[in-house]
Amino acid sequence: MNKHIIIILANMISLYIGTILFTKVVISSVSVILIAGIGLWIVNLIVRPLLLIITIPVNVLTLGLFSLVINTWMVMLVGKFVNGLWIGGF
């Protein structure tokens, strides 16, 4: 249980740092950070392992660099479902 809370907090902190570093990432309020952190945890728990299994050949060919693309897709997927989180592009 504590492990999951730490992961959610890490997601929230990383989203906040992303809004500071990148101008194309905008979060409207603190509650949106909480919802997006939980959403990112759920997406990484369910969708990410499936995508990693499907893209094993591409991942092997790129020596694992395609995992960065998959991670970006996960954040963009959360951005589509959470109102108040705007991600400008890839």
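This passage looks at the confidence of a predicted model, the surroundings of Asn59 and an aromatic pair.

Since the model is predicted, local features need pLDDT of at least 70 and side-chain atom pairs count only at pLDDT 80 or more, while totals for chains, interfaces and linings use all residues. Residue numbers start from 1 along each chain as its sequence is written, and side-chain values rest on heavy atoms, with hydrogens and water left out.

Confidence comes first. The mean pLDDT (the predictor's confidence in each residue, from 0 to 100) is 92 for the protein, and 99% of the residues score at least 70. Among the elements (DSSP runs numbered from the N terminus, with helices being H or I of at least four residues and strands E of at least two), H3 has the highest mean pLDDT at 96, and strand E2, residues 85–87, the lowest at 89.

Asn59 sits in that helix, H3, which covers residues 56–61. With a relative accessible area of 13%, Asn59 is buried (under 20%, against over 50% for exposed and partly exposed in between, using a 1.4 Å probe and protein chains only). Leaving aside residues up to four places away in sequence, Asn59 touches Leu52, Gly64, Leu65, Phe66 and Ser67, where contact means heavy atoms within 4.5 Å. Ile70 lies 11 residues from Asn59 in sequence, with 10.0 Å between their C-alpha atoms.

As for ring pairs (Phe, Tyr and the six-membered ring of Trp, centres within 6.5 Å; planes under 30 degrees apart are stacked, over 60 edge-to-face, the rest tilted), the count is 1. Phe66 and Trp73 have ring centres 5.7 Å apart and planes at 85°, so the pair is edge-to-face. Phe66 is buried at 17% relative accessible area, whereas Trp73, at 37%, is partly exposed.
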